[in-house]
Amino acid sequence: MIRKMNHEKSRNCFSSQSIIRRIKCFPLSTLLVLVIWVLCLIPIPDNVPFGDVPMMDKWTHFVMYGTLCTVLWWEWTRYKKVEQQGLGALFPLGYTLLYMCLTPVLMSGLIELAQAYCTGGTRSGDWLDFAANSIGVGLGSLIGILLAVCRARGRKGI
């Protein structure tokens, strides 16, 4: 019964193109994406805590995108039917890797462009922010994949 229910969840999340279904399948990731957009586009006050820490802005970008990718992988394993397909099902080369890795990097680039051209000078786009975001995506994906493997092994009793 549980396997059938998990299969239904998996089929509903990944076979449909409905954005509402995708949001229901990835609620924390959706929330993180919205928070990242808001935080990156609002004006920054002059008295920022830890403002004197070198590269604090880059560390913030790194952590935001690393967290996003880790949560994306965790939510993906919640709905992916791993029990019957085995660990190899975690690493298809198609849409999964594209969605989990390339999409956050593209979002990062769009945000940097929006900061440069759409904030009226209150924010500025920065290539180092983009690099920090991309490194965060890489590390977050690595952590997320390791968590997915551990979760799959736990389900299979390996």
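This report walks through a predicted model, from its overall make-up to a helix pair, its core and two individual residues.

**The chain as a whole**

Expect helices here: there are seven of them, and zero strands. Read from the N terminus, the order is simply α-α-α-α-α-α-α. The chain has 158 residues, and 35% of them are buried. If you take the contacts with a separation of 6 or more, 80% come from residues 24 or more positions apart.

**How α3 and α4 pair up**

Take α3 and α4 next. Their axes come within 8 Å and cross at roughly 160 degrees. An angle over 145 degrees counts as roughly antiparallel, so that is the label for α3 relative to α4. The crossing itself is left-handed.

On the α3 side, the residues that meet α4 are P27, L28, S29, L32, V33, I36, L39 and C40. Their partners in α4 include H61, Y65, L68, V71 and W74, with E75 and R78 also among them.

**The core**

The largest nonpolar core holds 17 residues, and F26, I36, Y65, L68, M100, M107 and I111 have the most contacts inside it. Three elements each give two or more residues: α3 (27–41), α4 (56–79) and α6 (95–117). The top contributor is α4, with eight residues.

Y65 is a good place to look around. Apart from its neighbours within four places in sequence, Y65 touches I36, P104, M107, S108, I111, N133, G136 and V137. I36 also turns up in the list of α3 residues that meet α4.

**Two residues to click on**

Which residue is buried, and which is exposed? The table puts K58 and M55 side by side.

| Residue | Location | Relative accessible area | Class |
|---|---|---|---|
| K58 | helix α4 | 14% | buried |
| M55 | loop between α3 and α4 | 51% | exposed |

K58 is a lysine that counts as buried because its 14% relative accessibility falls under the 20% cut-off. What does its side chain pair with? The side chains of K58 and D126 are joined by a polar contact of 2.7 Å. Leaving out neighbours within four places in sequence, K58 is also in contact with L128, D129 and A132.

M55 sits in the loop between α3 and α4. Its backbone is worth a glance: phi is positive, at about 60 degrees, although M55 is not a glycine. With a relative accessible area of 51%, M55 is classed as exposed, because the cut-off for that class is over 50%.

How values were computed. Residues numbered from 1 in each chain as written. Predicted model: local features only at pLDDT ≥ 70, side-chain atom pairs only at ≥ 80, totals over all residues. Heavy atoms only, no water. Core = buried A, V, L, I, M, F, W, Y, C linked by side-chain atoms within 4.5 Å. Buried < 20%, exposed > 50% of the residue type's maximum accessible area, 1.4 Å probe, protein only. Helix = DSSP H or I, 4+ residues; strand = E, 2+ residues; numbered from the N terminus. Contact = heavy atoms within 4.5 Å. Polar contact = N/O pair within 3.5 Å; in protein donor to acceptor, adjacent residues only side chain to side chain. Axes fitted to C-alpha atoms, helices over the stretch in contact; angles between N-to-C directions. Parallel < 35°, antiparallel > 145°, perpendicular 65-115°, else oblique. Left-handed = near helix turned anticlockwise from the far one by under 90°.
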